[in-house]
Amino acid sequence: MKEIPDLLFAIGQLNEANKQFFSGASYLDYLVTDDDVEAVVGTVSFEPGCRNNWHIHQNGYQILLVTEGTGWYQERGKVPQLLKAGDTILTKSGIEHWHGATADSWFQHIAITAGKAVWLEPVTDEEYQKLEERK
């Protein structure tokens with residue numbers, strides 16, 4: 001495991017349940033666990049270079065509140081966005097997208113997610129490297 005910096009929120013546990021949908025190690029810490037709340041709220045921490053697969057949120061949405069580091073967010077067919085602490089992303093139902101850390105920084109965000117995640121193919125190393133070269 002790469003050295004973990006001081007983070008605003010706890011890093012949580014290694015995200016074993018979803019590791020097949022990530023390139024690299026990610027960590028998950030649930031912040032709200034109440035059956036009466038229709039959204040899942042938690043922090044996701046990505047080690048440098050880690051990113052998740054393309055995915056959609058079916059019948060719901062995802063709000064990302066970036067708390068630490070730098071990362072990427074991209075919707076299918078759109079220009080990728082370089083993210084830093086304080087940035088906010090709203091992804092509506094059915095929008096294909098991915099997000100993750102830059103190659104040289106840990107990245108943490110709070111994810112507020114409603115609906116079901118449908119996981120798609122990984123972001124290829126070639127696609128990711130092209131982004132890193134643009135920085």
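These are my notes on the largest pocket and the nonpolar cores of a predicted model.

**Pocket**

I looked up the largest pocket first. Its space comes to about 410 Å³. I then listed its lining, which has 22 residues, and N18, Q62, T113, A117 and W119 are the closest to the pocket centre.

Next I asked which strands supply the lining. At least two residues each come from β3 (26-32), β4 (40-46), β6 (55-75) and β10 (107-119). I noted that β10 has the largest share of the lining, with seven residues.

I sorted the lining by residue class. The lining holds ten nonpolar residues, eleven polar ones and one charged residue.

**Cores**

I turned to buried nonpolar residues. In soluble globular proteins, nonpolar side chains tend to be buried together. Here I found that the largest nonpolar core is made of twelve residues: F22, V44, F46, C50, L64, V66, Y73, L83, I89, A101, F107 and A111. Two or more of its residues come from each of β4, β6 and β10. I recorded β6 as the element that gives the most to this core, three residues.

A second core, apart from the largest one, has six residues, including W72, W98, V123 and Y128.

**L64**

I picked L64, one of the residues of the largest core, and checked its contacts. Leaving out residues up to four places away in sequence, L64 touches Y73, D87, T88, I89, H99, H109, I110 and A111. Among these contacts, Y73, I89 and A111 also belong to the largest core.

**Overlap of elements**

I compared the two lists of strands. β4, β6 and β10 each supply at least two residues of the pocket lining, and each gives two or more residues to the largest core.

Methods: Residues are numbered from 1 along each chain as its sequence is written. This is a predicted model: local features need pLDDT of at least 70, side-chain atom pairs count only at pLDDT 80 or more; totals for chains, interfaces and linings use all residues. Side-chain values use heavy atoms; hydrogens and water are left out. On a 1 Å grid over the protein atoms alone, a cavity is a set of points where a 1.4 Å probe fits but cannot get out, and a pocket is an open set with protein on both sides within 12 Å along at least five of seven lines; lining residues have an atom within 4 Å of a point. Grid points are joined across faces, edges and corners, and a volume is the space filled by probe spheres set on the points. Helices (H or I, at least four residues) and strands (E, at least two) are DSSP runs, numbered from the N terminus. Ala, Val, Leu, Ile, Met, Phe, Trp, Tyr, Cys and Pro count as nonpolar, Asp, Glu, Lys and Arg as charged, and the others, Gly among them, as polar. A nonpolar core is a set of buried Ala, Val, Leu, Ile, Met, Phe, Trp, Tyr and Cys residues joined through side-chain atoms within 4.5 Å. Buried means under 20% relative accessible area, exposed over 50%, partly exposed in between (1.4 Å probe, protein chains only). Contact means heavy atoms within 4.5 Å.
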